[in-house]
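Student: I am new to this structure and should like to work through it step by step. May we begin once it is shown?

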Amino acid sequence: MSSTPLLYGLCAVALFAIGLLGAFLHSGLLTRLLAVNVSGSGVLLLFVVLAYQGAGQRPDPVPHALVLTGLVVAVSATALALMLGRWLQRPEQEPEPETEQDQE
Amino acid sequence: MVELLAGVLMLSGAVMFLVGSIGLLRLPDIYCRLHALTKVDNLGLGLIVAGLVLRHSDPRLAIKMILVWILLLASSAAIAHLIARQALRRESE
Amino acid sequence: MTNLLVWPVLLSLAAALGTLIAPSNAARIATVAAALSLWSVLLLLSAVIAEGPQWLILGGWPQGLGIALHADPLSALFLLMSAAVCLAATIFARRYVEHSRYRSQFWPLWLLLQTAIYALLLAADLFNIYVTLELLGLSAVTLSALGGSRAAVQAAVNYLILGLLGSLLFLAGIALIYGRYASLDLQLLARVVEPGPSLWVAMALMTAGLVLKSALFPLHFWLPAVHANAPAPVSAVLSALVVKVAFYLIMRLWLDLFNPAVMSTAADLFGVFGALAIVWGSWQAMFTARLKLLAAYSSIAQLGYLFLFLSLVLVMPEGEDRQLLLGALVLFALSHGFAKSALFLAAGTVQQYAGHDRIAELRGVAGQLPLTFFSLGLAGVALIGLPPSGSFLAKWQLLSTTLLAGQWYWVAVVVVGSLMACVYMFRVLSVAFGEEGVATQRIHSRREELPTLALAVTATLILGLGGVWVWRVLDVGAAGGLG
Amino acid sequence: MMDSWLFDVVDALLALTAVVLAAMSVLGSDQKRSIVLFIAFGLLLSLIWARLQAPDLALAEAAIGAGLTGALLLSALPYSTAEKGACRQQRAWADIAFNRALRGLAATLIAGVAIAMIWALDDGRLQSVPFTVSEQVFGHLPHSGVGNPVTAVLLNFRAYDTLLELAVLLCVALGILALGQPSVPVVAPGPVLVLLVGILVPLLVLMAGYLLWVGAHAPGGAFQGGAVLAAAGVLLLLSGHRDAWLPGPRLLAAALGAGLFLFIGAGAAMTLSGAVFLEYPEGWAGAIILLIEAMALLSIAVTLVLAYLGGPPAPSPSPPARHTDVEGH
């Protein structure tokens, strides 16, 4: 057996753990999001490692498709979080409604 | 013979990359670094593409690789320009 | 194989697109879609009762290759609750968001949230569950941020980050399972899984992720801010359904997939944290100043009961007793779903009417909103677990089971929790039924209060008097499960 | 022999560099540096995908993971520095000793999780598994209508996942339209940039189309193409086109829903003739998939551009005053 999956498998777990740790240690939105993204990359790498069947063998396409889905979900969640974070940084230009919905 | 030529081209391309990376680390200011990055990397990729084109006989693949190189030239020029402009603006502030 | 299984998902998704393209008719489209979804769920339930569990492999591919959908009595009952609550909340939301500046985005998001709930309850494929969890999480986050206040958006951001972490843990668990068993299909997996490091670690990761999403104590800290600051119909669905489908997943996975690896210590942990959640949530609800916060804390306590039920079910040997307790669990979950959504809708009406939801300043409001407060009282009956509500039957079953097993400490927790629920519900009612009234703000239409009343009546009377039906429906699938 | 030894060195270097970059990016305290390191990490990751024979993912990671996520994070940087001060204040009251204990506990717990995962992975694949999904995919590939197995999984075998994923994208786009405010700074483009945009944008559009087309039988597809098309939009935004050529609200809504609409339509149409949802008729599968992908590409690209823009597009030549108007009272 080649050492390739072993190496990248360890790498994937390390990335996952580093990301989790970062998400716990940081309190800022941006750094936290970055950490979650790194952690997510670790999990996705794990899938790709599982798909790898050795040099010259065709890899399992299912994890590849899952990873593609995961990537897109990750970027869209990041975009949503950053937009909300920016909302919070806006100067208070609107009257803050006491009730939660906006009545004219 | 062709194989040898291709090898020499690709190897010199790789050397270009190395030189460019050293330049990025060692050169004093942002403009010089950009210079190192864009010029040398484009040349480096160009040499590697040239080597690869020689090795593969399929003309369609060759055209594709050359297109990739041209695209990279255009985009790296655009990016270098943007970064340099931004740096200039920041200096003038 | 029947396409009936995709209808609830498909109807909601198609309606989401409809509301996107035709914003001026959005409210009507959403109502029709919710009603049709309920209808399709009823058809599905009757098919399940008549023919047993239903399966569909999408795309017509063989099992394992295509994504499977699955409905058994358990998921069909949860679907029924979801569809009914969604319909009532949709009707309520029509007036509620009429003047909101976000209404053209509210409706498609609202329908996407429903899509996610139905899709999750029907899913029988691990990665598909992950995708639906993300859809559920992101649509819930966006809808709760539409509350539009700083507190709402801040809560939504925290909810989003924690939700992402939860999904990541879940996804890591899927990777481990796929690595060992090379399949994502729940039914195929249930046949081959065996105790071992892969299953144990995957189980721990996936459960941790879902526990975070279902807000079990001590991972509940994100919930009150989100549920208290979202628009009222959104809070109703979040509290009644969204956290509950995460719980449903835990239940599904532990009962069907992780079954061979269940250890009594792990199951006991659910019970311990569930008990802590009951006490802590009820305690907070007793002293909180706002009605919606009270409802949110009450949700934490009620989820605690569900985990307590689950821990007992998991360690029981297969048989009639276990089936009885499982039925009680489902009945409790359904009652809570209806009662809590009624409570949040009532809180929304109060907030619109009085301009705030500070409990101390609600003196006499009941006189002006009699129907809403009648519903609130009925919902309270179910939340406390008084007869004739569905949760009374469920708690009764829980008490008799634990007493027979000599586990008096669980009895103590249930009794204390119910007493505390009495306190927090009566605190609201006693103030609201007080004498002097607050100034009225606008003419109120009785019709707005009907969805709330319908939900409360379902929780207390229909589920209470028809509770036996739940057990009977569940018995249809008693032999089955996924295997 | 020589080759495999060389590959081991390359693998070790790649894996180690990835971990070091990630650690520096996540655990560092300078946000800007962290983001730049994260982008470098993403590019390295895309090399790793390529090394692990996942060219589809290498493309997507470079475009979406490193490229777009990096750009999003960078564009959020100015806003996040203000937030940092607020956090410091918040932390002042926190009991530091307790905090330390908690951090230590978390670090231990996470290390435990990592070790447990390695332990679990050590299990390897169960030998008695009757068949794997991978074999099924290759067995049924000829009936899927496309030759690229990843595309076949995404748009045929597991099309339902992709359908719901498009719903996720729609959800995010709606959130941005509801609460966002365009955040791209207005810059006057210089002559060089205008010229380059004139060359690059059509090239990127062409490339997106190519990726879509080639995705049927080679690495590529709607997601990679969508990301490339979105890059064209981002380039337009950066060069002063404040609407990135996005249409007005109605057409925008249509573009956002296009992928889903076609997906549902194609999937449901077949059920009328007695087929299962998302079952394509033999012979037509390739065409239907291409059509769905084309619309999905559009929806993906529009969503990603919106994500970068951070809010509903403002009409292009508008003076800054219009902006507050849109946000309204």
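Student: Which side chain forms a polar contact of 3.0 Å with that of C:Ser299?

Tutor: In this predicted model, C:Ser299 belongs to helix 12 of chain C, which covers residues 291-315. Leaving aside residues up to four places away in sequence, C:Ser299 touches C:Ser239, C:His336 and C:Lys340. The side chain joined to that of C:Ser299 by a polar contact of 3.0 Å is that of C:Lys340.

Student: Is C:Ser299 buried or exposed?

Tutor: The relative accessibility of C:Ser299 is 0%. A residue counts as buried when this value is under 20%. C:Ser299 is therefore classed as buried.

Student: At what angle do helix 1 of chain C and helix 7 of chain D pack?

Tutor: Helix 1 of chain C spans residues 7-21, and helix 7 of chain D spans residues 159-179. Their axes lie 12 Å apart, and the crossing is left-handed. The angle is about 35°.

Student: How many residues of the contact between these two helices are nonpolar?

Tutor: Helix 1 of chain C contributes C:Val9, C:Leu13, C:Leu17 and C:Leu20, which meet D:Tyr160, D:Leu163, D:Ala167, D:Leu170 and D:Leu174 of helix 7 of chain D. No polar and no charged residues take part in this contact. The number of nonpolar residues is nine.

Student: How much area do chain A and chain D bury between them?

Tutor: In chain A, the residues that lose the most area to chain D are A:Tyr8, A:Leu30 and A:Arg86, together 11% of what that side buries. Of the area buried between the two chains, 77% is on carbon and sulfur atoms. The total is about 6,600 Å².

Methods
Residues are numbered from 1 along each chain as its sequence is written. Chains are lettered from A and ligands numbered from 1 in the order in which they are written. This is a predicted model: local features need pLDDT of at least 70, side-chain atom pairs count only at pLDDT 80 or more; totals for chains, interfaces and linings use all residues. Side-chain values use heavy atoms; hydrogens and water are left out. Axes are lines fitted to C-alpha atoms, for helices over the stretch in contact, and angles run from 0 to 180 degrees between N-to-C directions. Helices (H or I, at least four residues) and strands (E, at least two) are DSSP runs, numbered from the N terminus. A crossing is left-handed if the near helix is turned anticlockwise from the far one by less than a right angle, and right-handed if clockwise. Contact means heavy atoms within 4.5 Å. Ala, Val, Leu, Ile, Met, Phe, Trp, Tyr, Cys and Pro count as nonpolar, Asp, Glu, Lys and Arg as charged, and the others, Gly among them, as polar. Buried means under 20% relative accessible area, exposed over 50%, partly exposed in between (1.4 Å probe, protein chains only). A polar contact is a pair of N or O atoms within 3.5 Å; within protein, one must be able to donate a hydrogen and the other to accept it, and residues adjacent in sequence count only if both atoms are side-chain atoms. Buried area is the accessible area (1.4 Å probe) that two parts lose on being put together, summed over both.
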